[in-house]
Amino acid sequence: LPAHAQLAVPSTWVNQRGSILSIQAIDASTGNFTGTYVNNAAGFSCRGQPYAMAGNVAANKIDFYVNWTSPTAPNCRTITIWNGRVAGDKIPTRWKLYYVGSDWNFHKMTGQDLFTRR
Ligand code: BTN
């Protein structure tokens, strides 16, 4: 089976915060994919605009990240990495959001997102 057998490409997924993950292209030999992410989550910045997203899928394991910077949208100076699994029309994930604090150290927030295929 190809690396991405579990994942339909292109496909669009929405999480419980209303954010939209769009997987647009995949390299069949590596499982590396690209697309966009629109954050719509309450309590966060950089909302309502697409940011570049990249990741990898291998069997049912999926990882992807967004660097919240863009030439055409606000720069949040944060990075989020999601780790999860493809389970039919659901992708349950855990995420880590990294940022540089006013103390010039890295800080981490963590949470969970459940994506459902749209
Ligand atoms: C920021 O506020 O620094 C950038 C936006 C971060 C949005 C986070 S990423 C994890 C969680 N899941 C979402 O869909 N949005 C928030």
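How many Å separate an oxygen atom of the ligand from an N or O atom in the side chain of T78? The answer is 2.8 Å, and the close-ups below, all taken from a predicted model, start from that spot.

**View 1. Side chains of T78, S19 and Y37 meet oxygen atoms of the ligand.** In the side chain of T78, an N or O atom is 2.8 Å from a ligand oxygen. S19 brings a polar side-chain atom to 2.7 Å from an oxygen atom of the ligand. Y37 also has a polar side-chain atom 2.7 Å from an oxygen atom of the ligand. With the protein in place, 96% of the 410 Å² that the ligand exposes when taken alone is buried.

**View 2. The ligand takes up the space of the largest pocket.** Around the ligand there are 16 residues, and those that come nearest are S19, Y37, N39, T78 and D113. Two strands to look for here are β6, residues 78-85, and β7, residues 90-100; each supplies at least two residues of the shell. Strand β6 gives the largest share of that shell, namely three residues.

**View 3. T93 is a buried residue of strand β7.** Let us move on to T93, which sits in β7. Its relative accessibility is 5%, and because buried means under 20%, T93 counts as buried. A polar atom of the T93 side chain lies 2.7 Å from the backbone oxygen of D113. D113 is also one of the residues that come nearest to the ligand. Leaving aside residues up to four places away in sequence, T93 touches F64, W82, N83, G84, G111, Q112, D113 and F115.

**View 4. S11 in strand β1 is buried and has polar partners.** Strand β1 covers residues 11-15, and S11 belongs to it. What makes S11 count as buried? Its relative accessibility is 5%, under the 20% limit for that label. The S11 side chain makes a polar contact of 2.8 Å with the side chain of W13. A polar atom of the S11 side chain also lies 2.6 Å from the backbone oxygen of A8.

**View 5. S11 and R117 meet across 106 residues of chain.** Here you can follow S11 to a partner far along the sequence: the C-alpha atoms of S11 and R117 are separated by 7.4 Å. S11 touches R117, and its other contacts, not counting residues up to four places away in sequence, are L21, S22 and I23.

Technical notes. Residues are numbered from 1 along each chain as its sequence is written. This is a predicted model: local features need pLDDT of at least 70, side-chain atom pairs count only at pLDDT 80 or more; totals for chains, interfaces and linings use all residues. Side-chain values use heavy atoms; hydrogens and water are left out. Helices (H or I, at least four residues) and strands (E, at least two) are DSSP runs, numbered from the N terminus. Buried means under 20% relative accessible area, exposed over 50%, partly exposed in between (1.4 Å probe, protein chains only). Contact means heavy atoms within 4.5 Å. A polar contact is a pair of N or O atoms within 3.5 Å; within protein, one must be able to donate a hydrogen and the other to accept it, and residues adjacent in sequence count only if both atoms are side-chain atoms. A residue is near a molecule or strand if one of its heavy atoms lies within 4 Å of it. Accessible areas come from the Shrake-Rupley method with a 1.4 Å probe; for residues, only the protein chains shown count as cover. On a 1 Å grid over the protein atoms alone, a cavity is a set of points where a 1.4 Å probe fits but cannot get out, and a pocket is an open set with protein on both sides within 12 Å along at least five of seven lines; lining residues have an atom within 4 Å of a point. A molecule sits in a cavity or pocket if more than half of its atoms lie within 2 Å of its grid points.
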